Amino acid sequence: MKRELTCIICPRGCGLTVEINGDSVTVTGNACPKGQQYGVDECTNPTRTVTSIVRVANRVDTMVSVKTENPIPKENIFDLMQIICAKEVNAPIEIGDIICDDVFGTKVIATKQVK
Ligand code: SF4
């Protein structure tokens, strides 16, 4: 099987060709080793860092930006977004505070301070 991908690790956006033959995965078109790893991961275990916002219950019209501490499997993104959408937190919030603990093998943390 052959797949054509665009590497999203940096703005250069190299066009990758990934060939999968059994357990063998070959990546070409990458200008650096990060693209090699991206191509392999994207075709064997695709993951994404998820960013979103969470409602701050004790502040009027206030949301706090959040992200997953580590990438999660793409297949879990929809379920994670449902958890994040149902979540409310109270200020004060510091950058790095844990908003959701132990979700799909990682944490959701705040990326903005709310006083
Ligand atoms: S292969 Fe390397 S240089 Fe090309 S887009 Fe990916 S990270 Fe950037």
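In the predicted model, valine 56 of strand E5 has valine 89 in E8 as its bridge partner. E5 and E8 pair in the parallel sense, over 2 bridges. Strand E5 covers residues 51-56 and is also joined to strand E6, residues 63-68. That second pairing is antiparallel and comprises 5 bridges. One of the residues involved is arginine 55, whose bridge partner in E6 is methionine 63. E5 and E6 form a hairpin with 6 residues between the strands. In its turn, aspartate 61 has a positive phi of about 50°.

These strands belong to an open sheet of 5 strands. The order is E8-E5-E6-E10-E9, and the pairing is mixed. Strand E8 (88-89) and strand E9 (98-103) stand at the edges. Each has a single partner strand, so one side of each is left without a neighbour in the sheet. In general, strands of a sheet pair through backbone hydrogen bonds, in either a parallel or an antiparallel arrangement.

At the E9 edge, the partner strand is E10, residues 106-110. E9 and E10 are antiparallel and share 3 bridges. Cysteine 100 stands opposite valine 108 in E10. Valine 103 has threonine 106 of E10 as its bridge partner. The hairpin of E9 and E10 has 2 residues between the strands. Here phenylalanine 104 takes a positive phi near 50°.

A further open sheet contains 3 strands in the order E1-E2-E3, with antiparallel pairing. Strand E1 (2-6) and strand E3 (24-28) stand at the edges of this sheet, each with a single partner strand, so one side of each is left without a neighbour in the sheet. Neighbouring strands of the sheet are turned by 20° against each other on average, direction ignored. Between E1 and strand E2, residues 15-21, the antiparallel pairing runs over 5 bridges. Threonine 6 stands opposite glycine 15 in E2. Helix H1, residues 33-44, lies across E1, E2 and E3. The helix runs at about 135° to E3.

The ligand is surrounded by Cys7, Ile9, Cys10, Arg12, Gly13, Cys14, Asn30, Ala31, Cys32, Lys34 and Gly35. By class, this shell has 6 nonpolar, 3 polar and 2 charged residues.

At the level of the whole chain, the protein has 2 helices and 10 strands. Along the sequence, the pattern is β-β-β-α-β-β-β-β-α-β-β-β. The radius of gyration is 18 Å, well over the 13 Å that the globule rule gives for 115 residues, so the protein chain is more spread out than a compact globule. The C-alpha trace spans about 55 × 25 × 20 Å along its principal axes. The domain assignment gives domain 1 (2-45) and domain 2 (51-110). The C-alpha centres of domain 1 and domain 2 lie 30 Å apart.

Key. Residues are numbered from 1 along each chain as its sequence is written. This is a predicted model: local features need pLDDT of at least 70, side-chain atom pairs count only at pLDDT 80 or more; totals for chains, interfaces and linings use all residues. A residue is near a molecule or strand if its C-beta atom, placed from the backbone, lies within 6 Å of it. Ala, Val, Leu, Ile, Met, Phe, Trp, Tyr, Cys and Pro count as nonpolar, Asp, Glu, Lys and Arg as charged, and the others, Gly among them, as polar. Domain bounds come from an automatic or database domain assignment. Two strands pair if DSSP finds at least two bridges between them. Helices (H or I, at least four residues) and strands (E, at least two) are DSSP runs, numbered from the N terminus. Axes are lines fitted to C-alpha atoms, for helices over the stretch in contact, and angles run from 0 to 180 degrees between N-to-C directions. Two residues are in contact if their C-beta atoms, placed from the backbone, lie within 7 Å. The radius of gyration is taken over C-alpha atoms; the globule rule is 2.2 Å times the number of residues to the power 0.38.
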